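Got the viewer open? Set it to cartoon, keep the selection box handy, and let's walk through the fold stop by stop.

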Amino acid sequence: MALFGKEIETMHDLFTHLMRDMYYAEKQIEKALPDMVEKATSQELKAAFSDHLQQTHEHVARLERAFELHGQKAKAIDCPAIDGILKEAKDVAADIADKRVLDAGLIAMAQAVEHYEMARYGTLVAWGKELGHREIVELLSKTLEEEHEADEKLTDLAEGSVNVAAAEGAHRAAAE
């Protein structure tokens, strides 16, 4: 099985392919975030996921604008990587009974998504610069910056309260 289809012959084609991959990923993330909001028990985490859902809508709109600037129709292609990350998140969430531990797990899964997005948007920005797509680079750089900020917010939540609460439960259970 080839990694990319036969339609990819140029850097332009590869750039378009990766934008389609990210368009699919953002659409899948839009579908997954409401469930994460519902499952989270920390009010701060619920708010962070809700905020990121709103940003994700903007990310989709930016990608649609980027396609337009690139002379392409906004079109998604399957992204097995994001599908796998989101499936793992759903499976992990289903396996955790302790709500404090669930919040820690949700953060870990959300950060896996963020890191995937940062890697992909970073690549698109670099390729866009090489291809001279200044306006697209501006759009996607904004999204990349927001993904970094979301990741930092999740780290702050994890280290500031969520991981502490999850670990306290483990310490109590070990003491009993």
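One cut-off before we start: a polar contact here is a pair of N or O atoms within 3.5 Å, and within protein one must be able to donate a hydrogen and the other to accept it. Keep in mind, too, that this is a predicted model.

**The whole chain.** Start zoomed out. You should see five helices and zero strands, so to speak an α-α-α-α-α run from the N terminus on. The C-alpha atoms fill a box of roughly 65 × 35 × 25 Å along the principal axes. Color by burial and 44% of the 176 residues come up as buried. Among contacts with a separation of 6 or more, 79% join residues 24 or more positions apart.

**α1 against α3.** Now select residues 11–39 (helix α1) and 80–95 (helix α3). Their axes sit 10 Å apart at an angle of about 10 degrees. Angles under 35 degrees count as roughly parallel, and α1 and α3 are therefore roughly parallel to each other. Show side chains for Y24, A25, Q28, I29, A32 and K39 in α1, which meet I82, D83, L86 and A93 in α3. By class, that contact holds seven nonpolar, one polar and two charged residues.

**α3 against α4.** Keep α3 and add α4, residues 99–131. What angle do α3 and α4 make? About 175 degrees, with the axes 9 Å apart; α3 and α4 are therefore roughly antiparallel to each other. On the α3 side, pick A81, I82, I85, L86, E88, A89, V92 and A93; on the α4 side, L102, L106, M109, A112, V113 and Y116. This contact has 13 nonpolar, no polar and one charged residues.

**Along α4.** Stay on α4 and go to its N-terminal end, which D98 caps. Put a distance label from a side-chain oxygen of D98 to the backbone nitrogen of R100, and it should read 2.8 Å. Then follow the helix: α4 has 33 residues and reaches 47 Å from its first C-alpha to its last, close to the 48 Å expected at 1.5 Å a residue. Just after α4, stop at G132, where phi is positive at about 80 degrees.

**Last stop, L139.** Select L139, in helix α5 (residues 134–175). Which residues does L139 touch, leaving aside those up to four places away in sequence? They are R62, R65, A66 and L69. Draw a C-alpha to C-alpha line from L139 to R65: these two are 74 residues apart in sequence and 8.3 Å apart in space.

Methods. Residues numbered from 1 in each chain as written. Predicted model: local features only at pLDDT ≥ 70, side-chain atom pairs only at ≥ 80, totals over all residues. Heavy atoms only, no water. Axes fitted to C-alpha atoms, helices over the stretch in contact; angles between N-to-C directions. Helix = DSSP H or I, 4+ residues; strand = E, 2+ residues; numbered from the N terminus. Parallel < 35°, antiparallel > 145°, perpendicular 65-115°, else oblique. Contact = heavy atoms within 4.5 Å. Nonpolar A, V, L, I, M, F, W, Y, C, P; charged D, E, K, R; others polar. Expected span 1.5 Å × (residues − 1). Buried < 20%, exposed > 50% of the residue type's maximum accessible area, 1.4 Å probe, protein only.
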